[in-house]
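Student: I would like to learn how to read a structural model feature by feature, beginning with loops and ending with charges and rings. Could we work through one together?

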Amino acid sequence: MNEFTLMVMILMIAIIIGLFIMRSNLKMPIRHIPSSFGQSMTIGDREVQEDNLGKLTAKEGTLLVLADGMGKKYGGKIASRIAVETFIDLFKEYKAFEKPQYYFRKAFNAANRIILNKLDGRGSSSVAAAVIINDTLYYALVGNIKIAVFRNGDLVPVSEGHTIDILAKQKYQKGLITKEYALKLLEHHRLYNFVGQDGFHEIEFFSQPLPLRKGDIVALMSDGVYDTLSWREIESELSVRSDAQSKALKIIERVNLSKKPNKDNASIVLYRI
């Protein structure tokens with residue numbers, strides 16, 4: 001056997017081994033596959049749908065994003081779209097599965113900068129993002145979108161948000177304002193923090209990663225949902241034996257059927273473990 005023939009045989013063996021390894025990797029089970037995902041939204045009584053949502057799934061886990069825009073004419077709609085696109089675009093670049101808090105910080109600041117540059121004060125947005133890795137929840141938000149976990153019939157909020165009443169509660173607990181002044185501010189639900197403003201700086205992060213159990217449902221809701229429906233009504237729909245998409249549709253159907261006047265845009269994203 002000459003040297004050329006030997007080299008050809010070695011090369012063929014290497015190719016066969018490489019193909020076998022590739023085939024084996026393709027057959028490896030994905031560690032984390034979303035068992036159920038649902039989303040739904042309604043324009044309510046508004047002229048423009050300013051909510052936007054997005055989802056990205058990889059073998060390491062899942063990203064959920066919900067943005068609730070506000071602004072002049074179509075400013076809110078554009079701002080919420082920019083926010084969702086920014087979070088998705090930066091998802092892999094900043095290795096969200098390895099350093100969730102670092103990713104959240106980069107994404108929120110990038111969204112704020114892009115919205116300011118493109119809209120110059122004509123639009124802004126509340127944004128909430130959740131990353132689920134190995135059945136563990138990491139989240140961050142700016143604004144008044146609620147993040148909650150439904151477990152054993154109870155929907156438990158895990159986020160607070162950036163409204164005047166929440167700020168008053170926090171300052172009272174720290175002894176920075178009187179009880180009387182705090183009680184007055186509890187009636188105010190106006191936002192004081194959102195992306196798309198020069199003064200943006202505060203992000204609400206998870207204090208500790210939240211372990212999730214089989215059957216848990218992670219919910220992201222705009223204020224059009226939780227201001228229109230009672231917590232009990234939302235829990236009632238989440239308790240029904242159905243897939244996450246059916247649950248999301250039923251909750252938004254309840255919003256549409258509500259007799260509450262001047263209904264806002266309403267959106268919900270559900271992820272079932």
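Tutor: We can, keeping in mind that this is a predicted model. A good place to begin is a loop: lysine 59 lies in the one between strand E2 (51-58) and strand E3 (61-71).

Student: Is lysine 59 buried or exposed?

Tutor: Lysine 59 is exposed, because its relative accessible area is 56%, and the cut-off for that word is over 50%. Separation along the chain and separation in space are two distinct readings, and lysine 59 illustrates both, since isoleucine 133 is 74 residues away in sequence while the two C-alpha atoms are 9.5 Å apart.

Student: How should I read a strand such as E10, and how many of its residues are buried?

Tutor: For a strand, one asks about each face and then about the neighbours. Strand E10 (residues 217-221) has five of its five residues buried, and therefore it is largely enclosed by the rest of the structure. On one side the buried residues are Ile217, Ala219 and Met221, and on the other they are Val218 and Leu220, so that both faces are covered.

Student: Which strands pair with E10?

Tutor: Strand E6 (residues 146-151) runs antiparallel to E10 and is joined to it by five bridges, while strand E11 (residues 266-272) also pairs with E10 in the antiparallel sense, over five bridges. Methionine 221 can be followed through both pairings: it is the bridge partner of lysine 146, and its own partner in E11 is isoleucine 268. Lysine 146 has a further role to note, as it lies over the face of tyrosine 226, at 5.4 Å from the ring centre.

Student: For a helix, what can I check with simple arithmetic, taking H3 as the case?

Tutor: The check is to compare an expected span with the span in the model. Helix H3 (residues 100-119) has 20 residues, which at 1.5 Å a residue should span 28 Å, and its end C-alpha atoms are 28 Å apart, so the two agree. Just after H3, aspartate 120 takes a positive phi of about 50°.

Student: Which residues of H3 are buried, and what covers them?

Tutor: The buried residues include Pro100, Tyr103, Phe104, Ala107, Phe108 and Ala111. Among the elements that cover the buried residues of H3 are E3, helix H2 (75-89), strand E4 (123-133), strand E5 (136-142) and strand E8 (204-205).

Student: How is a pair of aromatic rings described?

Tutor: One gives the distance of the centres and the angle of the planes. A search of the whole structure finds six aromatic pairs. In one of them, phenylalanine 87 and phenylalanine 108 have ring centres 4.8 Å apart and planes at 80°, so the pair is edge-to-face. Because phenylalanine 87 lies in helix H2 and phenylalanine 108 in helix H3, the pair ties together parts that are 21 residues apart in sequence, and both residues are buried. Phenylalanine 91 and phenylalanine 97 also form an edge-to-face pair, at 5.1 Å centre to centre with 85° between the planes, and both of these residues are buried.

Student: Which residues form the aromatic cluster?

Tutor: One cluster is formed by Phe87, Phe91, Phe97, Tyr103, Phe104 and Phe108.

Student: Turning to charges, how many salt bridges does the structure hold, and which partners does arginine 254 have?

Tutor: The structure holds seven salt bridges. Arginine 254 forms one with glutamate 233, where the closest N and O atoms are 3.6 Å apart; this pair links distant parts of the chain, with arginine 254 in helix H8 (residues 244-257) and glutamate 233 in helix H7 (residues 231-239), 21 residues apart. Arginine 254 forms another with glutamate 237, where the closest N and O atoms are 2.7 Å apart, and this pair again links helix H7 to helix H8, across 17 residues. As for exposure, arginine 254 is partly exposed at 27%, glutamate 233 is partly exposed at 28%, and glutamate 237 is buried at 12%.

Student: What about a salt bridge within one helix, such as that of lysine 250 and glutamate 253?

Tutor: An α-helix has 3.6 residues a turn, so residues three or four places apart point the same way. Lysine 250 and glutamate 253 are three residues apart in helix H8 and are therefore separated by about one helical turn, and the closest N and O atoms of their salt bridge are 3.8 Å apart. Lysine 250 counts as partly exposed at 44% relative accessibility, as does glutamate 253 at 38%. Elsewhere, salt bridges that share partners join Glu233, Glu237 and Arg254 into one network.

Key: Residues are numbered from 1 along each chain as its sequence is written. This is a predicted model: local features need pLDDT of at least 70, side-chain atom pairs count only at pLDDT 80 or more; totals for chains, interfaces and linings use all residues. Side-chain values use heavy atoms; hydrogens and water are left out. Helices (H or I, at least four residues) and strands (E, at least two) are DSSP runs, numbered from the N terminus. Buried means under 20% relative accessible area, exposed over 50%, partly exposed in between (1.4 Å probe, protein chains only). Two strands pair if DSSP finds at least two bridges between them. The expected span of a helix is 1.5 Å times one less than its number of residues. Contact means heavy atoms within 4.5 Å. A salt bridge is a side-chain nitrogen of Lys or Arg within 4 Å of a carboxyl oxygen of Asp or Glu. Rings of Phe, Tyr and Trp (its six-membered ring) pair if their centres lie within 6.5 Å; planes under 30 degrees apart count as stacked, over 60 as edge-to-face and the rest as tilted. A charge sits over a ring if NZ of Lys or CZ of Arg is within 6 Å of the ring centre and within 35 degrees of the ring normal.
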